[in-house]
Number of protein chains: 2
Amino acid sequence: MDEETDGVPQNRPAARDVDATDRKILGVLVDDATISYAELGDRVGLSPPAAHERVKRLRRSGAIRNTAAIIDPKAVRKPLLAFVHIDTKGWGKTPELMAISERPEVEEIHSVAGDTCMLIKVRTEDTRALEGLLSRLYETPGVTSTRSYVVLSTYLERPVQPGITTEWPSPRHMAKPLY
Amino acid sequence: MDEETDGVPQNRPAARDVDATDRKILGVLVDDATISYAELGDRVGLSPPAAHERVKRLRRSGAIRNTAAIIDPKAVRKPLLAFVHIDTKGWGKTPELMAISERPEVEEIHSVAGDTCMLIKVRTEDTRALEGLLSRLYETPGVTSTRSYVVLSTYLERPVQPGITTEWPSPRHMAKPLY
DNA sequence: ATTGATACAGAATTTAATACGGCCATTATG
DNA sequence: CATAATGGCCGTATTAAATTCTGTATCAAT
């Protein structure tokens, strides 16, 4: 399958919201984006060109950000996964922190509600490499402390799922919210 | 681009380790797996069939786990990202916890070193849905407490990078490890 | 030195992506 | 209310890419 490169949506042209068919398409393509439009059409009940048209729209609108190869971390020698909380004086996207983000080992950087703290996901070859990354983080100006959570084993890891939005059963002890 | 479905590697047939060319290929395909083999070959200095052969091998060996559409969480109405630590009595992949993993909102479940605790990444439509998920988690047998980290903003989020393994400069105050 | 295996390039073939035209349904408009 | 305009789809035709095939060079092991 394929066509023009997925681009980041610079502008928001046709932001029609995704319908049930689009979700089905997304569900299929998250599992496997290497199938043909004929196969995709079959699975969601469309002709190949119609499926193609939908996918093009999903790309244009930015619903599909990218079509990417998912790499096994072990294959590229990064078997060690860790999450790091760093407490910072104030928030921010400091230049020092952004320098850290250029390391290929760093996969995610989020700022977190409550404390002034950042949550970072890293994948390294071994504990030695993790140590280097951590000491670099600790030396970053504004960082007051770090806590690391080294992952022993991963039970589930998957990309964003389109999933049909279903309701959770309200816990009995919980009142319906006012708004 | 593409061919037969990426399969999970049941057996380990040709586990030759990835060389520099393979890393280049992975680097390109992580960015954009929709390019043609001609284009891929150009970028890494191979003929189209040779590039194709490499990619097939990377799939067979499991280095490329999947080729997937990356979805914008906002497009599927999941703008809220949170990490949840749950403390558990003992470890484990209890049936109850595994039931949680079937919710499409749950993206990752890891067990963590040190405490007996699990780290869970979830993405929901709103705080209401998060609340439902959390109360469900708290009601899971064996769970003694939960802590949630709601993400305010994400500065970096990307897939596993093949990256050329480079050395960190050893911190000056740190001795070389003995092994 | 010879054999075998591996990786590659180039050409040939098959398959899939893409472009085009027409149809139907829904929605906007006079 | 009638009618135009739009959007989404299908079927077909064309073009481009994936895939197969064959020969060759390189390297390793016998």
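This is a short talk on how chain A and chain B meet, and on the largest pocket in the structure.

Okay, before anything else: this is a predicted model, so please keep that in mind as we go.

Let's start with the interface. People often give the size of an interface as the accessible area lost when the parts come together. Here, chain A and chain B bury about 8100 Å² between them, and carbon and sulfur atoms give 56% of that. In terms of residues, 93 from chain A and 92 from chain B take part in the contact.

What about the polar side of things? We get 41 residue pairs in polar contact across the interface of chain A and chain B, with both residues at pLDDT 80 or more. So which parts of chain A touch chain B? The elements giving two or more residues are helix 1 (20-31), strand 1, strand 2 (80-88), strand 3, strand 4, helix 5 (127-138) and strand 5 (143-157) of chain A. Strand 5 of chain A gives the largest share of that side, ten residues. By class, the side of chain A that touches chain B has 44 nonpolar, 20 polar and 29 charged residues.

Now, charges. Side chains of opposite charge can pair when their charged atoms come close. Between chain A and chain B the count is six salt bridges. Take Asp17(B) with Arg77(A), where the closest N and O atoms are 3.8 Å apart. Over all chains, the whole structure has 30 salt bridges. Another pair to look at is Arg65(A) and Asp72(B), with the closest N and O atoms at 3.3 Å. Arg65(A) sits in strand 1 of chain A and Asp72(B) in the loop between strand 1 and strand 2 (80-88) of chain B, so this pair joins two chains.

On to the largest pocket. Its volume is about 970 Å³, and 38 residues line it. Which of them lie nearest its centre? Those are Ile70(A), Pro159(A), Ile70(B), Arg158(B) and Pro159(B).

Both chains supply elements to this lining: strands 1, 3 and 4 of chain A, plus helix 1 and strands 1, 3 and 4 of chain B, each give at least two residues. Strand 1 of chain B has the largest share, with six residues. By class, the lining has 17 nonpolar, four polar and 17 charged residues.

Conventions: Residues numbered from 1 in each chain as written. Chains lettered and ligands numbered in written order. Predicted model: local features only at pLDDT ≥ 70, side-chain atom pairs only at ≥ 80, totals over all residues. Heavy atoms only, no water. 1 Å grid on protein atoms, 1.4 Å probe; cavity = no way out; pocket = protein on both sides within 12 Å on 5 of 7 lines; lining within 4 Å. Points joined across faces, edges and corners; volume = space filled by probe spheres on them. Helix = DSSP H or I, 4+ residues; strand = E, 2+ residues; numbered from the N terminus. Nonpolar A, V, L, I, M, F, W, Y, C, P; charged D, E, K, R; others polar. Contact = heavy atoms within 4.5 Å. Buried area = accessible area lost by both parts, 1.4 Å probe. Salt bridge = Lys/Arg side-chain N within 4 Å of Asp/Glu carboxyl O. Polar contact = N/O pair within 3.5 Å; in protein donor to acceptor, adjacent residues only side chain to side chain.
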